[in-house]
Structures are given as structure tokens and as C-alpha cells.
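Colleague: I'd like to get better at reading side-chain pairings in a model. Could you walk me through some?
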Amino acid sequence: MMKLWGGRFTKKPEEWVDEFNASISFDQELVMEDIEGSKAHVTMLKKCGILSVEEADQILGGLNELEEKAAEGSLEFSTQYEDIHLNLEKLLIDTVGEVGGKLHTGRSRNDQIATDMHLFLKKRVEEVIGLIEEFQEAIVKQSEDHIETMIPGYTHLQRAQPISFAHHLMTYYWMLDRDKERLKDSMKRIDLSPLGAGALAGTTFPIDRAYSAELLGFSGVYENSLDAVSDRDFILEFLSNSAILMTHLSRLAEEFILWSTEEFHFIELDDSFTTGSSIMPQKKNPDMAELVRGKTGRVNGNLLSLLTVLKGLPLAYNKDMQEDKEGMFDTVKTVIGSLKIFTGMMDTMKVNKDVMEEAVGTDFSNATELADYLAAKGMPFRKAHEVVGKLVLHCIEQGYYLKDVTLATYQQHSELIESDIYDIIAPSAAVKRRNSYGGTGFEQVKIQIEKAKGALVTK
């Protein structure tokens, strides 16, 4: 069978070369976008008088048939026709006859594939933004229930100061909010139409690029035809934004994994998001969190892969750019799946409040309260730091905590310490007193939760 581009060639490639060259195994993912772009293109050709009404209507009828079959999953593709564009063109010609060959008038596969990917990412980024907001809602809901639940706050994975558990969870809300803003901003670059740029230089036909862009719902067109077909910044930007998003999810995955161990026992993940062991019947493994943590590596890899593909390419289109799709598809699938998993885990996890609060009562995370107490009474903070450090060392040597130190022992270290110290170093008081804007104080946590709820309502 003759290639659709085979007029110049006297030999056909060997079958294995066809298979190496073909992208239909993965770019069939773009079937609906390719048909959508073709329908807009032929409608524009009809409007501009480049195709007759009869020809355009025949082609549109054929494309509608193919669209229905694509929705049913009944289209059959062949590596002989390399990619989604040539496969659909061959199927169109089989459906409506030779007039189907006029579909490609004033168009190249170069602007066609770029258009497909813009359409694809526009839809998927909107979906990802929606899923981020669902996850944010789950975080807010869990946070509202645990404003006054206390947990040790960590630095260097060492207990530092007691904080509100809601304050900790809301950190991820704001991380996700930045992810969402980056994705929304990227829509400015995604929401452009390359259609009509041709192979690289435009076309001699009197097309109307603005009209086809309008039909496809794009807000504008590329100003330069070379840029239109060679630009993959919009994919790089999506991959970069996704890598940052997955890094945030991976950090939370690590915390879920730690918190659900017997050693921490701060939370219990729902059975729906855990698995067992084939040999150890007692095990309940946080596999979904571990998978998200692991899949972050592949998303990072997809970004690096495309950066490497593009770094040495001259303008305009090169076959190397066929490598832009699989990583994009994989990242979309990974990000969407990870967000759904995390929303479910956040919604259903059990918080062991008593264990958390026991933890903040049996450590030295209240030491800063004592140092601040002394500083507020006029002692230089560095001196206060030294005094409290010696008190902590004394407690460690004696095997108890600051709450167990007698007033007499306190006053041996500093006469500034009075009986009110026990109220000051209580974990709940320590948290409540951190009422600076954005702090972990209960009232401040309520403020940020209300702000987050308001933003989600007006999304």
C-alpha cells in the first residue's frame, strides 16, 4: 500500500523501520483532538471558499462518523500510516472517497500535531486544576476537625516546637495553591492556536487562522509560523509545574508513611489505600503513598527527557520532537491518579489525636517557651538560651521533662522563674501564644482556614 506521502519514493521501508518510525502506538491518545482540529480546519476552508460547500460537508460528515467510532473505541489503526494524522486521513478517504484527501489543504502535520497537543493539554490542565481544588477541600475539611489537635513540629526530623495539626496540614493547602496558580498561568501559553502555520512558513491559501482558533476555543494564535510548529515550551512548562506538584505530593507521602508507622502512630490510613504482605499477615503497608513518592521520579524524568530532546534542535520541526508525547501523556496520567489517591487518603485517614498530644507532652519542644519567658523578663535571649539548655541537660540526666522540674530547681537556674512557668510551658499554651499572622496559634489557624474556604467557594 502506498504511503500517503510516498510519491517521491521508489522503495518502501522495511517493516521494522516502519515500526521504529511510527508513533501511532501512543499518539492515538490524541484521536479526539485530531478530529476536533480537522473539523475546525475544514470548516475554515469552507468559510474561506478554499473548499466548496459540498466538499466540506462531505468531509465533515466523514469526520463525524470517525468521531463516533473513536468514542466507541472501534477505530483500527496501522503502523503503516505512522501516526494519528495519517491514520485518520486514510480512514476518512476510505469513508468519503478521494474528497477526503482535500482535508489537508493548507495544513501540515507539523501544525496539526502542535494543535492537537495544545487542545489536549488545555483540557487536561483544567482537569488537574479541578482535582487540586478537590484535594484542597479535603485538606480544609480535615484541618477544621483538628485546629486544636497538637502535634510535634519538626526541624531536621527532630522535635522542635508544638504546633496545631491543622496548621501542619494547611501547609500543603498553600503549596497546592501555588501549584494551581502556576498551572492557571501556563494556560496563557497553552491557549494559543498553531493551526495554519503549515510546515514552517505558513501557506499560500487564503486561510483565516483567527477563525479556526475561535472554532477550537483558543484565545489567540501564534504570531510566528516557525515558532508555532517548533514551540514545545507549553509542554515543558506543564512538565515543570507537574514536577513541582509531584514533589509536594511526595513530601506529604513521606509524612503519611512516617506517621502511619508503629513508631509514630499519629495516623492510620484507610484500608482502601493500603495493602498487605504475602508472608507477614500483620502488615498494613502504605503502598499508595509509596507509589506517589516513587512516581515523582518518573515525572521529573519526563521533564529532563524533553529538555534534553529540545536542547540542540534547529528550527523548525525535527523528528526528535516525536519524543514529546509519551512523557506528556505519562505525566498527565500520573498527576491525575496521584491527586485522586491523595484526596481519598486525606478524606479517610484516622487521626490518633491522643497519641499526637501525648507526644507533645513528653519531649522538650516547649524549651523555647521557657527561653522566651526569661527573655520577656529582661534576660538577654542568648543567656536565656544557655540557661534553658542547661535545664534540658539536667532533665535528660534525671530522666524527666521540663514539666516535672520543681520550682526550687528552676529557681536554682534563674531567680526570674516563678510559679506561672508551668502554665507557660504547657503545650496548648505554647501553641495558643504563637498568634502572629500566619502562625500556629489556634486563632490564626482558624483565620487561614476561613481564607482558604472563601477562596475555594469563589474558584
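Colleague: Let's begin with Glu386: which side chain does the side chain of Glu386 meet in a salt bridge?

Modeller: Bear in mind that this is a predicted model. For a salt bridge, look for a side-chain nitrogen of Lys or Arg within 4 Å of a carboxyl oxygen of Asp or Glu. Here the partner of Glu386 is Lys390, at 3.2 Å from N to O. The two are 4 residues apart in helix H15 (residues 381–398), so about one helical turn separates them.

Colleague: And are those two buried or exposed, or in between?

Modeller: Buried means under 20% relative accessible area and exposed means over 50%. Glu386 has 39%, so call it partly exposed. Lys390 comes out at 49%, so it is partly exposed as well.

Colleague: Where do Glu369 and Arg433 lie, the pair that meets in a salt bridge?

Modeller: Their side chains meet at 2.6 Å, N to O. Glu369 sits in helix H14 (residues 367–376) and Arg433 in helix H18 (residues 427–433), so this pair ties together parts 64 residues apart in sequence. Glu369 counts as buried because its relative accessibility is 0%, while Arg433, with 43%, is partly exposed.

Colleague: What does Glu237 pair with?

Modeller: Glu237 forms a salt bridge with Arg189, and the closest N and O atoms are 2.6 Å apart. That one links distant parts of the chain: Glu237 belongs to helix H10 and Arg189 to helix H7 (residues 165–190), 48 residues apart. Arg189 is partly exposed because its relative accessibility is 29%.

Colleague: How many salt bridges are there by this rule?

Modeller: The count comes to 33. Some join up: Glu33, Glu36, Lys123 and Arg124 are linked in a network of salt bridges.

Colleague: Back to helix H10: what does Glu255 touch?

Modeller: Leave out residues up to four places away in sequence, and Glu255, in helix H10 (residues 233–259), touches His168 and Tyr172. With Tyr172 there is a polar contact between side chains, at 2.7 Å. Glu255 and Ala289 are 34 residues apart in sequence, yet 9.2 Å apart in space, C-alpha to C-alpha.

Colleague: Last one, pockets. How much space lies in the largest pocket, and which residues are closest to its centre?

Modeller: The largest pocket holds about 320 Å³ of space. Of its 14 lining residues, Ser260, Thr261, Glu262, Lys284 and Asn285 are the closest to the centre. By type, the lining splits into 4 nonpolar, 6 polar and 4 charged residues.

Key
Residues are numbered from 1 along each chain as its sequence is written. This is a predicted model: local features need pLDDT of at least 70, side-chain atom pairs count only at pLDDT 80 or more; totals for chains, interfaces and linings use all residues. Side-chain values use heavy atoms; hydrogens and water are left out. Contact means heavy atoms within 4.5 Å. A polar contact is a pair of N or O atoms within 3.5 Å; within protein, one must be able to donate a hydrogen and the other to accept it, and residues adjacent in sequence count only if both atoms are side-chain atoms. On a 1 Å grid over the protein atoms alone, a cavity is a set of points where a 1.4 Å probe fits but cannot get out, and a pocket is an open set with protein on both sides within 12 Å along at least five of seven lines; lining residues have an atom within 4 Å of a point. Grid points are joined across faces, edges and corners, and a volume is the space filled by probe spheres set on the points. Ala, Val, Leu, Ile, Met, Phe, Trp, Tyr, Cys and Pro count as nonpolar, Asp, Glu, Lys and Arg as charged, and the others, Gly among them, as polar. Buried means under 20% relative accessible area, exposed over 50%, partly exposed in between (1.4 Å probe, protein chains only).
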